[in-house]
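Here is a short note to read alongside the model. Take the points in order and check each against the structure.

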Amino acid sequence: MTSTDLFENDDMKLINLLPRDGVVHYHGKILDAVTADRSLDKCISELRWEHDRAFIYGKEIVTKRKMAWYADAPVSYTYSGYTKVALVWPDFLREIKQLVESHSGDVFNSCLCNFYSAGEEGMSWHSDAEKDLVENGSIAALSLGGERKFSFKHKQTGETVSLTLEHGSLLIMKGTTQKNWLHSLPKTKKNVEPRVSLTFRQMC
Ligand SMILES: O=C(O)CCC(=O)C(=O)O
C-alpha cells in the first residue's frame with residue numbers, strides 16, 4: 001500500500017479497509033525515520049516490559065512477547081482472566097499519545113504496549129472488546145520497528161483483510177470493529193527486526 005492508496009478521494013478522506021461492520025483506517029507513517037528510530041529505542045529501553053499471562057481454556061499461558069501498560073491513573077484492566085494495574089505515563093509516551101490524538105481526533109487514557117523481539121512472537125486471533133473499554137471506542141496502534149503483517153477476520157463470514165504495518169505508522173480501529181472482527185499479528189519465519197506496538201485505548 002502506498003500513501004496515495006490510503007485516501008478515498010482528493011478530500012483526503014481515509015479509506016475504510018473493512019468491507020462491512022467496522023471501521024479501520026491506516027494512516028501510514030506518521031513519524032519520520034529518525035523520530036521512529038528514536039521512539040523505538042526509548043520504548044525498548046525505558047518501558048517496564050514483562051511477559052504477558054493469560055488463561056486460555058483453563059490453562060495459564062505465559063507469552064514470549066512482552067507487554068507494558070500505561071494510563072492516566074493506576075487503574076486496573078482485566079483480559080484473558082488476568083487483572084493488570086497501569087503505570088503512569090513517562091513523558092515521551094505522553095508526547096506520542098498527543099501526536100496520535102492529533103491524527104485520530106480521539107482522546108486516549110491508556111496504552112497497552114507490546115514488544116515482539118522476533119518473528120516467532122505474534123498475537124493470535126482476538127478482539128479487544130473487554131468491559132473495561134468504552135463500547136465502540138477507538139483503538140489507535142502506533143507501530144515501531146520491523147514491518148509485520150496484520151490481519152482481520154470477520155467473526156461470522158470468516159472473510160479476511162490484511163495489511164503491512166510499517167515503522168512509524170498508525171492504524172486506527174473504531175466503531176463496531178471489535179464486535180464483528182477478530183485481529184491478529186501472525187508469527188513469521190522471516191527474519192524480522194524487533195517490533196513495538198503502542199495501542200492507545202479508551203477505558204471507561
Ligand atoms: O502489535 C500489534 O500491532 C497488535 C496488538 C494487538 O492486537 C492488541 O494489542 O490487541
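Which residues does UniProt list for "domain: Fe2OG dioxygenase"?

1. The UniProt record gives residues 107-204 for this domain, in an unreviewed entry. Treat the coordinates with care too: this is a predicted model.

2. Look at that stretch in the model. Over residues 107-204, strand makes up 50% of the chain and helix 4%. The C-alpha atoms at its two ends lie 12 Å apart.

3. Now take the whole protein. It has three helices and 14 strands. Its radius of gyration is 16 Å, and the globule rule gives 17 Å for 204 residues; the two are close, so the protein is as compact as a globular protein of that length. The C-alpha trace spans about 45 × 40 × 40 Å along its principal axes.

4. Check the contacts. Among those with a separation of 6 or more, 70% join residues 24 or more positions apart.

5. Turn to the surface. Of the 204 residues, 50% count as buried. The protein exposes about 10,400 Å², and carbon and sulfur atoms supply 51% of that area. There are 26 positive and 27 negative charges, and their mean positions are 7 Å apart.

6. Zoom in on one residue. Aspartate 52 is found in strand E2, which covers residues 50-56. Is aspartate 52 buried or exposed? Its relative accessible area is 4%. Buried means under 20%, so aspartate 52 counts as buried.

7. What is aspartate 52 in contact with, leaving aside its neighbours within four places in sequence? The list is Ile61, Val62, Thr63, Arg65, Met67, Tyr79 and Lys84.

Key. Residues numbered from 1 in each chain as written. Predicted model: local features only at pLDDT ≥ 70, side-chain atom pairs only at ≥ 80, totals over all residues. Heavy atoms only, no water. Rg over C-alpha atoms; globule rule 2.2 N^0.38 Å. Buried < 20%, exposed > 50% of the residue type's maximum accessible area, 1.4 Å probe, protein only. Contact = heavy atoms within 4.5 Å. Areas by Shrake-Rupley, 256 points an atom, 1.4 Å probe, with all protein chains shown as cover. Lys, Arg positive; Asp, Glu negative; His and termini not counted. Charge placed at Lys NZ, Arg CZ, Asp CG, Glu CD. UniProt positions renumbered as here; feature names shortened; annotations may be inferred.
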